[in-house]
Amino acid sequence: EKGYETGEHAPGLKLSGCGAYKAAHHIIKTHAKVWHSYNNTWRSEQQGMVGISLTSAWGEPVDPHSQTDRDAAERYIQFHLGWFANPIYKGDYPEVMKNYVGRKSAQQGLGTSRLPTFSVQEKAYIKGTSDFLGIGHFTTRYVLQKSFPFLQVPSYHTDSDLAELVDPKWPAPGPKWLYSVPWGFRRLLNFIKTQYGNPLIYVTENGVSEKVQCTQLCDECRIEYLKGYINEILKALNDGVNVRGYTAWSLLDKFEWNQGFSERFGFYHIDFKNKNKPRYPKASVDYYRKIISANGFPNSREVMS
């Protein structure tokens, strides 16, 4: 989407309304080819696993009693996570994506949908090509219905007819898009369990960057974020979600897309101005070390002894 729709990232193409869909189509088919290659050639010898890692926020209806808002929140997830997960677990794009993009394409005078289609053979080839699902998750949005006029330039961002809101009371310790909403993670994990047959899940990315650099490396916001989100994963485990592992984002401050070195997600602060790039542990290092050693939240008395 950033590379082929808005052009913010490499390769910098602004193919509004079709570029991201085409790129995603190729990614899904390529992923399936790699999975089959491994399955046919190496699995019997190596007993390894091949999966895909998808990043998605959670979409919560503004009014949970409104069917319109509930439908909009469902579309939000399907246009993000379902876009890739649905073909891999069910063989095709989500119905709501096909309906919305197809209808808008027709209204724009196009003979075919801007969302590409899979052949019958491709659907069968793609379905089931994941031994685990990797999940990157950072934040949540409130979602409601919003209709966009037909005449404007087609766009992935307007195809789903929804608007995203945030609660001003949500903590926003890092970049403007990243609000700390731990309960959204449990809901996303339960959605995956229900939608895709409770697949094996590895959390491949979860973390927060700091907006204000603390010279004492006292990243309390990161500690609170991790505490909240890891706790919601533990609740999801109790719900029966098949989460096998967790990876925090990230070990070190590093190059973050078009934000460069300005966005610091690391447990370790790096002095980029020094040619030796020395690393300094933030307060979260000690906190996370205790979680790892206990494989969960440690008993405070045990830690002290």
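User: Before we start, what counts as an axis here, for H7 and H8 say?

Analyst: An axis is a line fitted to C-alpha atoms, for helices over the stretch in contact, and angles run from 0 to 180 degrees between N-to-C directions. This is a predicted model, by the way. On that basis, the axes of H7 (residues 183-195) and H8 (residues 220-238) come within 8 Å and cross at roughly 35 degrees.

User: Why is the crossing of H7 and H8 called right-handed?

Analyst: The label is right-handed if the near helix is turned clockwise from the far one by less than a right angle. H7 and H8 cross in that right-handed sense.

User: What makes H7 and H8 contact partners, and which residues meet?

Analyst: Contact means heavy atoms within 4.5 Å. Trp183, Phe185, Arg186, Leu189 and Asn190 of H7 meet Tyr229, Glu232, Ile233, Lys235 and Ala236 of H8. Sorted by class, that contact has six nonpolar, three charged and one polar residue.

User: Zooming out, what is the chain built from, and why is it called as compact as a globular protein of its length?

Analyst: The chain has ten helices and nine strands. Its radius of gyration is 21 Å, close to the 19 Å the globule rule gives for 305 residues, so it earns the label. The C-alpha atoms fill a box of roughly 70 × 50 × 50 Å along the principal axes.

User: How much of the chain counts as buried, and what is the cut-off?

Analyst: Buried means under 20% relative accessible area, and 47% of the 305 residues count as buried. The chain exposes about 16000 Å², with carbon and sulfur atoms supplying 56% of it.

Note on methods:
Residues numbered from 1 in each chain as written. Predicted model: local features only at pLDDT ≥ 70, side-chain atom pairs only at ≥ 80, totals over all residues. Heavy atoms only, no water. Helix = DSSP H or I, 4+ residues; strand = E, 2+ residues; numbered from the N terminus. Nonpolar A, V, L, I, M, F, W, Y, C, P; charged D, E, K, R; others polar. Rg over C-alpha atoms; globule rule 2.2 N^0.38 Å. Buried < 20%, exposed > 50% of the residue type's maximum accessible area, 1.4 Å probe, protein only. Areas by Shrake-Rupley, 256 points an atom, 1.4 Å probe, with all protein chains shown as cover.
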